[in-house]
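Student: I would like to take a close look at a single part of this structure, namely the surroundings of the ligand. Please keep the explanation connected, so that I can follow it with the model in view.

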Amino acid sequence: MTISREVQPLPLDDEPIRKALEDAHLPSLLPALAQITGDLSLLREDLFPETVLLTDPQGGLSEEAQAEARALALRTLGEWRDAGSVVAPPPSLADVRRMMDFLIGEHVSDEYLPLLLEELAFADKDARAPEWSKNAINADRSMRVAIVGAGMSGILAAHRLQQAGIEYTVIEKNEDVGGTWFENTYPGARVDSSNHAYSYSFMQKFDWPYHHSPQEVLLEYFRDCAEAFDIRDNIRFNTEVIDVVYDDERAVWAVRVRGADGAEETIEAEAVISAVGQLNRPKMPAIEGVGAFEGPSFHSARWDHDIDFAGKTVGVIGTGSSASQFIPHLSDRAGEVRIFQRTPNWYAPAPNYHERVADGFLWLATHVPTYAQWYRFWLFWAISDGFLPMVEVDDSWQPGDEVTGKLNGELRDLLAGSMRNYLKDRPDLIEKTLPDFPPASKRIVVDNGTWPKTLLKEHVHLVTEPIERITPRGVLTEDGEEHALDVLVYGTGFQASKFLTPMKVVGRNGADMHEQWDGDARAYLGITMPNFPNFFFLYGPNTNIVVNGSIVYFSECEVQYVLECLKFLLESGRQAIDCRTDVHDAYNERIDAGNLKRAWGVSNVPSWYKSDSGRVAQNWPFTLLEYWQQTKKMDPADYVLL
Ligand code: NAP
């Protein structure tokens, strides 16, 4: 178990404390000190952070103010230790509010407070754990749940069901948990949102080694969670779901599965939770000749670790988030790299993208109670709803405009300035890499300059000529050049809008899920859809977030809602709930209108955010707060009760 949530006693010697404070994140540290001592006068006006910006982690504090804050912290920690290291009683709501206001340098609006308290998850309190149990409500009722997938969402769902005493089975096609973190083992794979925020609110890890940890650390985290939650025995590994069929008479789902030995079996369940993710099934590009290349070729999510790239000419199709992570690594090994870029990307600077967490920060996180939680809160706020205006579409926007509004223009200037700076001696590369579409039309790639620096290497070639076809020898571009390759890597993404592919799901009265969607997946709250009673999606249609927040947060909201639905079934004695069509349709109209006010909704740039029809099937266009509010409680009036 590597999830350290233990806080060690402070040493008697002040020196290690003084040293650690050099790496302190001061806006988070002072509220932590105020909390453990109960002394709110530590939140001094002269030490108030002015901004919450990832690029300015000390909140704009001057060097003198930072030194003053460190001295204050040293004094406070010394006195607190000498008085016995007794943590003050939990602060009142008003005091928590003052600490929050301090940390973010502005007044937290009332409506955010309950959500933020959950996210903070102080001490051992798991604010989102169900406070009820199945047997206490209805011990006789059969309530079996089948969860498909043991990735981040599936593990979470299993944990919550276990807490509520509900019987469940997780069906996982891989041999282990972890989902995307199990499958994507390409070199350079790491989490591109900060891992202090990309983790369960109730299972925060205080000792992340990096700000954006590599794949193996994330995989270990999810393995450890599965272990800590004691859910592994309920997971059927190496087992794939073939189809899921609803029995109208009995209100039971039949989940047909195939094990590693090819044997099929049917698992019955009163409810099904799909936790298969959006980015799971690799997408091969619709290019003539895919499969014709005679050398080794593979998709980034199926990395071939047996290949020695030394001295080889390697071609890569795609420049999305995956390719932008593995190409720099390939360029360190291969003799030559040819990158085939169809559409350029915007790159957001993340200065600490490859940085280890500083020793002092780590020390404080593991020695000062609540410091790590306050830091997570700071991150949560820094990457939260405040970003949405930057991707908003102004009324003046016209198709073809390079920005969607004033703030989007400012974002564009920032991102373009950074890229121009790196490539200032190569106008040809600036020309090829600077998009002519608004930032956030498709996913912004996170980077700390590694991408442009890779492009500047002599043996790396950025090919923007469109691909005509793939040949036995390599890639033929439309200018007639055949790029001879030794290895071809597809960094071409996933079948994101084909939700639940290749599973077949048949609901009430024989309704086929994929036929009902007709290539355009929709759901109510991204969780339920008409004709599929007691069938719930996690990370379903329109629950992906583009610029605000962490996807773990969304899964926590979704699982909370699903648990509310199950509780309703137990309390009401109803067999099933089926989402009302009018509720579902009205909801989706609003979602569609919302997405049309965002850069990704109006732009015609290709992206996995859209289904083939061009509708945004993936993204949530509103605030985190709104999703939290909508999923907090289930309203039976939204459902046909069966
Ligand atoms: P992606 O963003 O969908 O990128 C696919 C790439 O392949 C694009 O450059 C695309 O070009 C290109 N492509 C697809 N079909 C093509 C064709 N027929 N001809 C030429 N080029 C073609 O996929 P991804 O990079 O795997 O990333 C998917 C998502 O996974 C990310 O957006 C992110 O949400 C997630 N991800 C997260 C992390 C992380 O947190 N660590 C890392 C990797 C991925 P176009 O742009 O022209 O379509």
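Student: Which helix gives the largest share of the shell around the ligand?

Tutor: The largest share comes from helix α10, residues 321–333, which supplies three residues of the shell. Please keep in mind that the model is a predicted one.

Let us begin with the shell itself. The ligand is surrounded by 26 residues, and the closest are Arg190, Ser322, Thr343, Lys442 and Arg443. Sorted by class, the shell contains 11 nonpolar, 10 polar and five charged residues. Domain 2 (143–280 + 496–641) and domain 3 (297–345 + 442–490) each contribute at least three residues to the shell.

Next come the individual contacts. The side chain of Lys442 has an N or O atom 2.7 Å from an oxygen atom of the ligand. For the side chain of Trp608, the distance from an N or O atom to a ligand oxygen is 2.8 Å. Gly491 takes part through its backbone: one of its polar backbone atoms is 3.2 Å from an oxygen atom of the ligand. As for cover, the ligand taken alone exposes 900 Å², and the protein buries 88% of that area.

We may now turn to the strands whose residues fall within the bounds of domain 3, beginning with β9. Strand β9 spans residues 313–317, and five of its five residues are buried. In a regular strand, the side chains alternate between the two faces of the sheet. In β9, Thr313, Gly315 and Ile317 lie on one side, while Val314 and Val316 lie on the other, and all of these are buried.

Strand β9 has pairing partners that can be traced in the model. With strand β10, residues 336–340, β9 pairs in the parallel sense over five bridges. Within this pairing, Val314 has Val337 of β10 as its bridge partner. Strand β9 is also joined to β17 by four bridges, and these two strands run parallel. Here the bridge partner of Ile317 is Tyr490 in β17.

Strand β17 covers residues 487–490; Val487 and Val489 point one way, Leu488 and Tyr490 point the other way, and all are buried. Strand β8, residues 297–299, runs parallel to β17 and is joined to it by three bridges. Tyr490 appears again in this pairing, as it stands opposite His299.

After β17 the chain enters a loop that leads to β18 (504–506), and Thr501 lies in this loop. Is Thr501 buried, partly exposed or exposed? Thr501 counts as partly exposed because its relative accessibility is 26%, and this class lies between the cut-offs of 20% and 50%. The C-alpha atom of Thr501 is separated by 39 Å from that of Ser396, a residue 105 positions away along the chain.

Finally, there is an open sheet of five strands in the order β3-β2-β1-β7-β19, with parallel pairing. Its edge strands are β3 (235–236) and β19 (535–537), each of which pairs on one side only. Within this sheet, strand β1 (residues 144–148) and strand β2 (residues 167–171) run parallel and are joined by five bridges. One pair to locate is Ala146 with its bridge partner Thr169 in β2.

Technical notes: Residues are numbered from 1 along each chain as its sequence is written. This is a predicted model: local features need pLDDT of at least 70, side-chain atom pairs count only at pLDDT 80 or more; totals for chains, interfaces and linings use all residues. Side-chain values use heavy atoms; hydrogens and water are left out. A residue is near a molecule or strand if one of its heavy atoms lies within 4 Å of it. A polar contact is a pair of N or O atoms within 3.5 Å; within protein, one must be able to donate a hydrogen and the other to accept it, and residues adjacent in sequence count only if both atoms are side-chain atoms. Accessible areas come from the Shrake-Rupley method with a 1.4 Å probe; for residues, only the protein chains shown count as cover. Ala, Val, Leu, Ile, Met, Phe, Trp, Tyr, Cys and Pro count as nonpolar, Asp, Glu, Lys and Arg as charged, and the others, Gly among them, as polar. Domain bounds come from an automatic or database domain assignment. Buried means under 20% relative accessible area, exposed over 50%, partly exposed in between (1.4 Å probe, protein chains only). Two strands pair if DSSP finds at least two bridges between them.
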